[in-house]
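Work through the exercises below with the sequence and the structure open beside you, and try each task before you read its solution.

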Amino acid sequence: MNPTKRTPHSPQPPQTGHPTNPPRPPHTTQRTQPTPLTQLTHPTTHPPRSTHPTTTTHANRTPHPNSAPHSAHPTVRRQLNLATRHQLTTTAGIPPGTITSRTRPGGPWQRLLPRVYLLQTGPPDQRQRALAAVLYAAEPGSDPLSGDTAALTGGAALALLGIREAPYTPADVLIRAPRKLAGSPEVRPYPTTRWPRTITVSGIPSTRPVRAAADFAARSDQPADQIRSVLAHVVQSGWCHPQDLHTELRAARLLTRPAIRAAAAELLAGVRSVAEAQARDVLSATDLPTPLWNARLHTPDGTFLASPDAYWPDEGVALEIDSAEYHYTRDSWHATLHRRLRLESHGILVVSATPSMIRDTPTEVIAALRTLLTLTTTRPTPPTALARGHQQLLLPL
């Protein structure tokens with residue numbers, strides 16, 4: 001259960017597939033020394049060394065003026081200190097021998113991928129590795145940042161958006177079919193005839209989150225629960241609507257796979273985590289009524305009350321799945337207790353369980369729910385909370 005959805009007046013995540021403010025990438029811990037292209041035609045001239053001590057810089061920021069002269073080529077700045085062999089030899093006029101000598105062990109440059117070079121001495125961060133994959137896959141002579149010939153997708157694109165458990169590597173990169181390109185342990189070219197609209201995430205051309213999620217599901221060799229978790233986090237974070245994701249999965253002909261079809265059905269039903277999906281599996285095997293998942297409850301005057309994981313509106317019973325990851329800090333635990341008090345003050349009976357209880361002792365959870373659902377049939381006072389704006393989406397056949 002995500003604690004952010006439990007607090008009244010908490011800001012809701014964006015509901016479109018076009019993120020305008022993606023999460024900032026991780027910090028680097030070393031200032032690197034880029035080499036401007038204007039100095040690359042002089043093999044014997046080494047880039048000036050910074051006299052400033054090593055400090056922590058953010059990967060989104062451009063290099064400090066003292067670490068990159070003002071005359072640095074704009075291509076290097078736009079490409080996070082990366083350049084392709086075509087750009088170095090054709091645009092900057094660098095002899096191939098100079099490239100070879102500068103990328104030797106201990107040299108000022110590094111060869112990250114075939115024909116892709118990092119023009120700094122420090123290690124690359126995750127953004128640079130992701131952009132290097134796009135530069136490798138882009139057609140020579142094209143603008144690799146345009147997203148016209150190569151775009152990051154799959155787990156690497158989702159990881160840039162801050163999706164937990166989405167793998168950075170190998171980086172899946174879309175290219176236009178029928179063009180073919182050799183892959184590597186770091187990059188997996190993905191030829192496609194369905195070229196998507198692209199966006200820029202942290203300076204890297206990428207597919208929209210809904211397409212990246214579908215491509216991740218198509219190419220992932222992760223266990224089914226891992227795929228369920230990643231897809232759920234994409235929807236839970238607000239990067240796409242479950243109906244849009246289902247449409248994309250259907251267009252990619254992925255709904256024929258049982259695991260992906262099950263994950264799509266869960267998201268349409270309102271499930272937003274693996275723990276909730278497991279609880280839904282347990283409840284589906286019983287004769288208990290079907291609950292609403294993640295319904296938003298309001299008081300009669302319209303004030304937001306809470307959003308329990310599962311809710312039976314006719315009986316006024318809620319199931320809360322409280323994991324240690326989100327609820328066992330002091331502040332989170334207090335917030336959980338306050339939320340439960342608010343629900344109970346409006347006549348809602350609450351069953352609390354952990355994900356391990358759902359997984360290991362489901363009969364105890366079902367017994368508690370069955371007891372409360374039975375007790376509500378004789379209650380003289382019905383609950384005063386209302387589930388507003390909740391629609392149980394059906395899975396199209």
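**Exercise 1.** Over the ring of which residue does the charged end of Arg-219 sit?

*Solution.* Bear in mind from the start that the model is a predicted one. Begin at the charged end of Arg-219 and look for the ring beneath, which belongs to Tyr-190, with the charged end 4.3 Å from the centre of that ring. Next, turn to Arg-102, which lies over the face of Trp-109 at 5.3 Å from the ring centre. Finally, consider rings with rings: a search of the whole structure finds zero aromatic pairs.

**Exercise 2.** Describe how helix H7 and helix H10 are placed relative to each other, and name the residues through which they meet.

*Solution.* Two packed helices are described by the angle between their axes and by the distance between those axes, so both values are needed here. For H7 (residues 224–236) and H10 (residues 274–284), the axes come within 9 Å and cross at roughly 115°. The next step is to list the residues: from H7 come Asp-225, Arg-228 and Ser-229, and these meet Val-274, Ala-277, Gln-278 and Asp-281 of H10. Sorted by character, the residues of this contact comprise three charged, two polar and two nonpolar ones.

**Exercise 3.** Is Ala-182 buried or exposed, and which residues does Ala-182 touch beyond four places in sequence?

*Solution.* First locate Ala-182, which lies in the loop between strand S5 (171–176) and strand S6 (187–192). Its relative accessibility is 52%, and because a residue counts as exposed when this value is over 50%, Ala-182 is exposed. Then look for contacts: leaving aside residues up to four places away in sequence, Ala-182 touches Tyr-136 and Pro-189. As a last step, compare sequence with space, where Ala-182 and Ala-137 are 45 residues apart along the chain, while their C-alpha atoms are 9.2 Å apart.

**Exercise 4.** Which stretches of the model have a pLDDT under 50, and what is the mean pLDDT of the protein?

*Solution.* Start with the protein as a whole, for which the mean pLDDT is 82, with 78% of the residues reaching 70 or more. Then go to residues 38–71, where the pLDDT stays under 50 and where the model has 58 contacts beyond four places in sequence. Residues 392–397 also have a pLDDT below 50, and this stretch has 19 contacts in the model beyond near neighbours in sequence. Where pLDDT is low, the predicted coordinates should not be read in detail.

Notes. Residues numbered from 1 in each chain as written. Predicted model: local features only at pLDDT ≥ 70, side-chain atom pairs only at ≥ 80, totals over all residues. Heavy atoms only, no water. Axes fitted to C-alpha atoms, helices over the stretch in contact; angles between N-to-C directions. Helix = DSSP H or I, 4+ residues; strand = E, 2+ residues; numbered from the N terminus. Contact = heavy atoms within 4.5 Å. Nonpolar A, V, L, I, M, F, W, Y, C, P; charged D, E, K, R; others polar. Phe/Tyr/Trp six-rings, centres within 6.5 Å; stacked < 30°, edge-to-face > 60°. Lys NZ or Arg CZ within 6 Å of the ring centre and 35° of its normal. pLDDT = per-residue confidence, 0-100. Buried < 20%, exposed > 50% of the residue type's maximum accessible area, 1.4 Å probe, protein only.
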